[in-house]
Amino acid sequence: MTSAKKDLRAVGETVAAEAAFRCTAEEFKALLEDLVEDTAPRLFALVEEEGDRADGWVLGWGMAFEDRATVLRADGRAVHHHRSAESAHRFFSRFGKVHLMWCPPAPAGPCA
């Protein structure tokens, strides 16, 4: 079960069920948007540097959750699971000069 599902259940199998009778569809959608915003992973990139600032490329893209991180290599050949973005960075740094780069947050707005 995903953390988002856990959170929705924690918010309440009871609270959500009661809220369905107490709020409009728009209000419930707003509650779900808050849930998504509160549990969204942070996006990051692992960027490999060649030489001394001679060149660089994205080695992989990652999502950092509260309790883990997942990295998809840019070439699509592998998915790696780590305890955190920092532990993924340490792992990939064993093979070259790799930088951990955090992506800026997405603009605020309702989820589609």
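**Exercise 1. Identify the residues of the largest nonpolar core in this predicted model, and state which element supplies the largest share.**

Solution.
1. The largest nonpolar core comprises 10 residues: F44, L46, L59, A64, A69, V71, A85, A88, F92 and V98.
2. At least two residues of this core come from each of β1, β2, β3 and α3.
3. Helix α3 contributes three residues, the largest share.
4. As a general background, nonpolar side chains in soluble globular proteins tend to be buried together.

**Exercise 2. Determine which residues of helix α3 are buried, where they lie around the axis, and what covers them.**

Solution.
1. Helix α3 spans residues 85–93, and its buried residues are A85, S87, A88 and F92.
2. These residues cover an arc of only 160 degrees around the axis, and therefore lie on the same side of α3.
3. Their cover includes the strands β1 (42–50), β2 (55–64), β3 (69–73), β4 (79–82) and β5 (97–102).

**Exercise 3. Establish whether S87 is buried or exposed, and locate a polar partner for its side chain.**

Solution.
1. S87 belongs to helix α3.
2. The relative accessible area of S87 is 9%; because the limit for a buried residue is under 20%, S87 is classed as buried.
3. A polar atom of the S87 side chain lies 2.9 Å from the backbone oxygen of S84.

**Exercise 4. List the residues that A64 touches, leaving aside residues up to four places away in sequence.**

Solution.
1. A64 is one of the residues of the largest nonpolar core.
2. With that exclusion, A64 touches P41, R42, F44, A69, A85 and W102.
3. Among these partners, F44, A69 and A85 are also listed in the core.

Technical notes:
Residues numbered from 1 in each chain as written. Predicted model: local features only at pLDDT ≥ 70, side-chain atom pairs only at ≥ 80, totals over all residues. Heavy atoms only, no water. Buried < 20%, exposed > 50% of the residue type's maximum accessible area, 1.4 Å probe, protein only. Helix = DSSP H or I, 4+ residues; strand = E, 2+ residues; numbered from the N terminus. Arc of directions from axis to C-beta. Contact = heavy atoms within 4.5 Å. Core = buried A, V, L, I, M, F, W, Y, C linked by side-chain atoms within 4.5 Å. Polar contact = N/O pair within 3.5 Å; in protein donor to acceptor, adjacent residues only side chain to side chain.
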